[in-house]
Amino acid sequence: MSKQYHIYGIGAALVDTEITLTDTDLTTMAVAKGVMTLVDEARQNALIDYLQNHLVASHRASGGSAANSIIAASYFGCNNFYSCKVANDENGEFYLNDIHAAGVATPAHITPPDGITGKCLVMITPDAERTMNTFLGISETLSVDELDVVAIAQAHYVYIEGYLVTSPTGRAAAIELRKCAEVSNAKTALSLSDPAMVQFFRDGLVEMIGDGVDLIFCNRDEAIGFTQTHSIEEAIAALKKYCKQFAITCGGDGALVFDGEQLTQVAAQPIKPLDSNGAGDMFAGAFLYAISQGKDFKTAAEFANIAAAKVVSQFGPRLKAEQHEELKKGFFN
């Protein structure tokens, strides 16, 4: 059966501001390094005020983990749909314009309500590690109302962002999307998103996964933390209880992918990392693009590693539109 969309995604809509700073700055601000921390608007504004005097590079972009993946897959050539929630403010308009420019469709029946669009402060230290402090704003109230059941039925894959686990209505929307996908024979993919999500919201993630999804994306720390094991080998065995297939990113050690039958290790690209923000998102987006084109898991992971390496070698969570085409031509031709 021919379907209109390759991927239907759901996740937070966040406008990212990316800033470079030092480990000392993080310590001074009492910010936990390398994870995503939810904060209120006052705390986020206090951090921005502190950082005003030593901005080395700041850049605004539409973000949110699943959005980054969906936008990347769209620029590679997928036809995608995304459910999120923005407010009727300047950031909300910026966000929707940005995602539509990437060719991603959003629910037409929704008018952004009053409120504040979510914002994420992305702090990059000299070791290229990314640390995020997020004010969800109106994104915290993302719910089943933002789903488009007609579009879900027209998707080959649905992609669920693990960060939704922090919001009761967001978690309910993710579960409803999974159930709708199962009814319409769409494949289900979910990202574990962040070690902090696995640590503090594991039960909610298990609820979102239900009787199991087709594909889980995670990194090594998330795989071990989620399965409550002590090694990547144990985690690989335990993950199979929650999904038919998985892709585990392992930083400089590349990626481990399981297609339901075979486990394959794919080497990382040798690069000098500048900014790790968006690496996992790009991996998922490139991987989903490749398997949507009928490529096997090994090929998809090799392409995803190259795309993620490109993101890590420059500032920002996303690539320019033309860079996607260059990567695609360089790899598949």
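User: Let's start with the sheet. What is the order of the eight strands in the open sheet, and what kind of pairing do they have?

Analyst: Keep in mind that this is a predicted model. To read a sheet, walk across it from neighbour to neighbour instead of following the chain. Here the walk goes E5-E1-E8-E9-E10-E11-E12-E13, and the pairing is mixed. The edges are strand E5 (80-83) and strand E13 (263-266); each has a single partner strand, so one side of each is left without a neighbour in the sheet. Ignoring direction, neighbouring strands here are turned by 20 degrees against each other on average.

User: Which way do E10 and E11 run, and how many bridges join them?

Analyst: Strand E10 (residues 213-219) and strand E11 (residues 243-249) run parallel, with six bridges between them. If you want a spot to look at, cysteine 218 stands opposite isoleucine 248 in E11.

User: And E11 with E12, parallel or antiparallel?

Analyst: Antiparallel, over four bridges. Threonine 249 has alanine 255 in E12 as its bridge partner. The hairpin of E11 and E12 has five residues between the strands, and glycine 251 there takes a positive phi near 55 degrees. Carry on to the next hairpin: E12 and E13 are antiparallel too, with four bridges, and leucine 256 stands opposite glutamine 265 in E13. That hairpin has four residues between its strands, with glycine 260 at a positive phi near 105 degrees.

User: Which residues of E12 sit on its two faces, and are they buried or exposed?

Analyst: Ala255 and Val257 are on one side, Leu256 and Phe258 on the other, and all of them are buried, so both faces of E12 are covered.

User: Which strands does helix H10 lie across?

Analyst: Helix H10 (residues 232-239) lies across E10, E11, strand E12 (255-258) and E13, running at about 150 degrees to E11.

User: How do I work out which residues of H10 are buried and which are exposed?

Analyst: Start with the general idea: an α-helix has 3.6 residues a turn, so residues three or four places apart point the same way. In H10, the buried ones are Ile232, Ala235, Ile236 and Leu239. Looking down the axis of H10, those buried residues fall within an arc of 105 degrees, so they line one face of the helix. Glu233 and Ala237, on the other side of H10, are exposed. The cover over the buried residues of H10 includes E10, helix H9 (220-227), E11, E12 and E13.

User: What about H3: how does its span compare with what it should be?

Analyst: Helix H3 (residues 65-76) has twelve residues, so at 1.5 Å a residue it should span 16 Å; the end C-alpha atoms are 17 Å apart, which agrees. Burial looks unlike a one-face pattern when you count: eleven of the twelve residues of H3 are buried, including Ser65, Asn68, Ile71 and Phe76. Right after H3 comes glycine 77, with a positive phi near 140 degrees.

User: How many residues are in the largest nonpolar core, and which have the most contacts inside it?

Analyst: The general picture: in soluble globular proteins, nonpolar side chains tend to be buried together. The largest nonpolar core in this model has 55 residues, and Tyr8, Met208, Ile216 and Ile248 have the most contacts inside it. Helix H6 (residues 168-183) gives the most to this core, six residues. Another core, of 46 residues, lies apart from it, with Tyr157, Ala247, Ala255 and Leu319 among them.

User: Zoom in on one residue. Where does isoleucine 7 lie, and is it buried or exposed?

Analyst: Isoleucine 7 is in strand E1 (residues 5-10). Its relative accessibility is 1%, so it counts as buried. Beyond its neighbours within four places in sequence, isoleucine 7 is in contact with Ile70, Ala73, Tyr157 and Leu288, among others.

User: And where is glutamine 314?

Analyst: In the loop between helix H12 (297-312) and helix H13 (321-332). A loop position can still be covered: glutamine 314 has a relative accessible area of 18%, so it is buried. Leaving aside its neighbours within four places in sequence, glutamine 314 is in contact with Leu274, Asp275, Leu319 and Gln323.

Conventions: Residues are numbered from 1 along each chain as its sequence is written. This is a predicted model: local features need pLDDT of at least 70, side-chain atom pairs count only at pLDDT 80 or more; totals for chains, interfaces and linings use all residues. Side-chain values use heavy atoms; hydrogens and water are left out. Two strands pair if DSSP finds at least two bridges between them. Axes are lines fitted to C-alpha atoms, for helices over the stretch in contact, and angles run from 0 to 180 degrees between N-to-C directions. Contact means heavy atoms within 4.5 Å. A nonpolar core is a set of buried Ala, Val, Leu, Ile, Met, Phe, Trp, Tyr and Cys residues joined through side-chain atoms within 4.5 Å. Buried means under 20% relative accessible area, exposed over 50%, partly exposed in between (1.4 Å probe, protein chains only). The expected span of a helix is 1.5 Å times one less than its number of residues. The arc is that of the directions from the helix axis to the C-beta atoms.
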